Amino acid sequence: MKKSVLITGATSGIGEACARRFAKEGYKLILTARRTERLESIKAELEAEGAEVKTLVFDVRDAQAAKNAIESLDGEWSVIDVLVNNAGLALGLEKEYEGDADDWNTMIDTNIKGLLTMTRLIVPAMVARNEGHVINIGSVAGDAAYAGGNVYCATKAAVKTITDGLRIDVAETAVRVTNIKPGLVETNFSNVRFHGDDKRAEKVYQGITPLTGDDIADVVVYAASAPKHVQIAEVLVLATHQANGSVIYRK
Ligand code: NDP
Ligand code: 8X3
């Protein structure tokens, strides 16, 4: 039977790149996000290339919608070999004492609680089958705070701790748990962070060759395809002229 992967946030950036990369590896794809049209166009494109694709439209912040979506999977589609918890975002780059509480709640609800919701829904079946792989998309931002990163950095630090905790909790099983921590990746991330200010978003990637979604998808697929006895626990992937979340050399 073909292996299957469920990717959250598959309509853009890293998640979309993972979808294309896993399709090339011959996985069945369950692609999820909020934007129906975008999901359907990616599905049509990948199916035309021979992939088997199912789409589920829901917001990871809506635990009941997520539950309904996962419970709607039947037959072979209900067996998920790899869960890529990728859906996430940053909002704002204000000082902590000037930040927007709505932005904080959205980041916390998506990056932490959404990831936990998906984990809680999908991992019990992996444990019961004694196989499976959870790949969480953390960030260099989770290693240390950077200026204005405060709450976003905290959510990615939480992703690291939640990933480490899950790895402990499934250690007696063959389920593997991975945290992939990208640095600067040019996606829609900064457009979202700056609430649609594209000019400001572009500046984030000026003077440096940033990573691409494909660069991260390569690492995700590498972790998923390692031999069964090999657990890639954590990978920090930076652009060559980036040293950490704060030190970026720009020409
Ligand atoms: P994009 O904005 O390009 O993609 C984000 C994806 O998440 C979209 O597919 C979006 O789909 C989905 N998403 C956002 N909110 C929700 C939600 N509430 N429910 C369901 N899906 C949601 O950004 P990236 O690809 O860059 O980001 C992907 C992950 O990578 C995030 O977790 C981010 O924190 C992390 N990351 C990004 C880095 C970067 O520099 N770009 C570096 C390190 C980590 P839709 O809008 O259709 O719901
Ligand atoms: C995204 C990378 O450095 O912009 O998590 O926070 S960074």
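The following exchange concerns ligand 2 and Asn179 in a predicted model.

Student: Why is Asn179 called buried?

Tutor: Buried means under 20% relative accessible area. Asn179 has 0% relative accessibility, so Asn179 counts as buried. Asn179 is found in strand 6, residues 176-182.

Student: What makes the pair formed by the side chain of Asn179 and the backbone nitrogen of Gly138 a polar contact?

Tutor: The cut-off for a pair of N or O atoms is 3.5 Å. The Asn179 side chain reaches the backbone nitrogen of Gly138 at 3.2 Å, so the distance is within that cut-off.

Student: Which residues surround ligand 2?

Tutor: Around ligand 2 are Ser139, Val140, Ala141, Tyr146, Tyr152, Gly183, Phe189 and Arg193. By class, this shell has five nonpolar residues, two polar and one charged.

Student: Why is Gly183 put with the polar residues of that shell, and Tyr146 with the nonpolar ones?

Tutor: The classes go by residue type: Gly counts as polar and Tyr as nonpolar.

Student: How do you know that Ser139, Tyr146 and Tyr152 make polar contacts with ligand 2?

Tutor: The limit is again 3.5 Å between N or O atoms. A polar side-chain atom of Ser139 lies 2.5 Å from an oxygen atom of ligand 2. For an N or O atom in the Tyr146 side chain, the distance to a ligand 2 oxygen is 2.5 Å, and for Tyr152 the corresponding value is 2.6 Å. Each pair is within the limit, so each is a polar contact.

Student: How much of ligand 2 does the protein bury?

Tutor: Ligand 2 taken alone exposes 240 Å², and the protein buries 88% of that. The space ligand 2 takes is the largest pocket.

Key: Residues are numbered from 1 along each chain as its sequence is written. Chains are lettered from A and ligands numbered from 1 in the order in which they are written. This is a predicted model: local features need pLDDT of at least 70, side-chain atom pairs count only at pLDDT 80 or more; totals for chains, interfaces and linings use all residues. Side-chain values use heavy atoms; hydrogens and water are left out. A residue is near a molecule or strand if one of its heavy atoms lies within 4 Å of it. A polar contact is a pair of N or O atoms within 3.5 Å; within protein, one must be able to donate a hydrogen and the other to accept it, and residues adjacent in sequence count only if both atoms are side-chain atoms. Accessible areas come from the Shrake-Rupley method with a 1.4 Å probe; for residues, only the protein chains shown count as cover. On a 1 Å grid over the protein atoms alone, a cavity is a set of points where a 1.4 Å probe fits but cannot get out, and a pocket is an open set with protein on both sides within 12 Å along at least five of seven lines; lining residues have an atom within 4 Å of a point. A molecule sits in a cavity or pocket if more than half of its atoms lie within 2 Å of its grid points. Helices (H or I, at least four residues) and strands (E, at least two) are DSSP runs, numbered from the N terminus. Buried means under 20% relative accessible area, exposed over 50%, partly exposed in between (1.4 Å probe, protein chains only).
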